[in-house]
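User: I should like to learn how charged side chains are read in a structural model. Please take me through the pairs, and also a case that lacks a partner.

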Amino acid sequence: PVPEIVFNADGDGKRKVVQVQALQACFSRLEEMDPENGNIDGLLYSSQWSEKATPDGDSVKRVRLLPRFNTINYALGITGKAPHPVTLQKKDEKDTSLALLLRLPAPGKVYYPKPFWWAVFESGWYDYNQSLIDYKKALVNKQLSIKYHIEFSDEYFTRIFDVEKITDPKKRQERVDKEYDDIAKTLQGKDNAGGTLYSYFKYNSSGNMLSMVKITVLNNPNKDGEYIEEIENSINLINYFMRVHGSLISSLGSNKTINGTEARELFNMNQALMAPLRRLLLRVFYVIKALNGWPADMEFIIPNQELTRTDENTGAKKTTSQKEVD
């Protein structure tokens with residue numbers, strides 16, 4: 001989101017910042033750059049950008065945009081608190097708010113630079129990972145899954161019919177269906193684990209026993225772990241694009257455990273890598289500090305969470321990096 005610095009209604013250089021609110025980036029568009037100074041002077045905010053290329057005039061809110069360089073001097077000049085750095089004249093106090101873009105510059109992307117993590121989409125790895133997930137989902141939902149193969153002797157049901165004296169063809173078929181259901185219920189379901197299945201057998205003329213029912217457990221040709229390694233590699237690479245070590249969020253796969261010291265150091269390294277983004281987020285507060293005339297020694301920080309060892313018995317503690325303050 002784009003932070004919007006909102007003023008009170010006082011004039012004559014007495015205006016103060018009373019609120020900071022977020023303008024959603026999806027509803028924000030930048031005005032055309034001024035060819036003379038290279039600045040983009042305004043941000044257009046409307047909820048209709050997704051519906052039409054040119055929203056209705058009443059639905060568009062224009063917010064004056066602070067430049068990336070010499071930001072505080074421009075803010076003071078725009079609000080009439082100091083001479084404008086370009087015209088050396090005080091500006092009218094018509095603006096009720098100012099906007100400040102918080103973004104990392106990208107080569108050749110003047111208006112809308114892409115964040116570093118967008119590489120996961122342009123590289124195709126996101127689509128590749130999604131295709132693997134879709135394949136696994138289709139495999140689970142649509143594959144023919146047969147666990148047991150049950151073979152009956154040609155005399156099995158004949159003997160049942162004789163014992164139970166069933167002669168009507170319709171009732172014989174009903175008895176066959178019932179036998180199928182009974183066997184299926186015995187073999188399936190957690191409630192039937194350890195259940196008992198009864199069947200007939202007989203001996204042939206050679207004295208060998210012949211089973212009247214044979215149940216074979218089938219192996220699934222589609223292994224449960226199929227493509228797991230590929231999915232694991234793609235997700236770990238996505239974590240790399242996001243600048244997050246996979247072990248910090250429990251990487252997929254076996255044998256991926258790390259010890260506490262390694263996890264703690266990875267966490268500290270991740271916080272160090274976030275320092276440029278943190279300083280970027282804090283820019284808006286330094287602009288407000290200048291506009292409101294707050295004390296010069298007032299500083300803004302985002303404290304680190306420093307993980308401690310278990311023998312210290314503290315869990316975690318907050319620390320302040322001097323480099324971050326500077």
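**Charged side chains, paired and unpaired**

Analyst: In this predicted model, Lys289 is buried but takes part in no salt bridge. Glu299 is the nearest side chain of opposite charge, at 4.6 Å. A salt bridge requires the nitrogen and the carboxyl oxygen to lie within 4 Å.

User: Where does Lys289 lie, and what does the side chain of Lys289 reach?

Analyst: Lys289 belongs to helix H8, which spans residues 275-292. The side chain of Lys289 reaches the backbone oxygen of Met298 at 2.7 Å. Leaving aside residues up to four places away in sequence, Lys289 touches Trp294, Pro295, Ala296, Asp297, Met298 and Phe300.

User: How should one read a salt bridge, and how many are found in the whole structure?

Analyst: The general idea is that side chains of opposite charge can pair when their charged atoms come close. A search of the whole structure finds 6 salt bridges. One of them joins Glu4 to Lys61, with the closest N and O atoms 2.8 Å apart. Glu4 is in strand S1 (residues 2-7) and Lys61 in strand S5 (residues 61-66), so this pair ties together parts 57 residues apart in sequence.

User: Is Glu4 buried or exposed?

Analyst: Glu4 counts as buried, because its relative accessibility is 1%. Lys61, at 32% relative accessibility, counts as partly exposed.

User: Which residue forms a salt bridge with Arg62?

Analyst: Arg62 meets Glu31, with an N to O distance of 2.6 Å. Arg62 lies in strand S5, whereas Glu31 is in the loop between strand S3 (28-30) and strand S4 (42-45), so the pair ties together parts that are 31 residues apart in sequence. Arg62 is partly exposed, with a relative accessible area of 43%.

User: What is the case of Asp182 and Lys178, which both lie in helix H5?

Analyst: Asp182 and Lys178 form a salt bridge whose closest N and O atoms are 2.8 Å apart. Within helix H5 (residues 169-187) the two are 4 residues apart, about one turn of the helix. Asp182 is partly exposed at 30% relative accessibility, and Lys178 is partly exposed with a relative accessible area of 45%.

User: Which residues are linked in a network of salt bridges?

Analyst: Such a network links Glu164, Arg175 and Glu179.

User: What pLDDT does the protein average, and where does pLDDT stay under 50?

Analyst: The average pLDDT is 78, and 77% of the residues score at least 70. Over residues 322-326 pLDDT stays under 50; for these residues the model has 10 contacts beyond four places in sequence.

How values were computed: Residues numbered from 1 in each chain as written. Predicted model: local features only at pLDDT ≥ 70, side-chain atom pairs only at ≥ 80, totals over all residues. Heavy atoms only, no water. Buried < 20%, exposed > 50% of the residue type's maximum accessible area, 1.4 Å probe, protein only. Lys, Arg positive; Asp, Glu negative; His and termini not counted. Polar contact = N/O pair within 3.5 Å; in protein donor to acceptor, adjacent residues only side chain to side chain. Contact = heavy atoms within 4.5 Å. pLDDT = per-residue confidence, 0-100.
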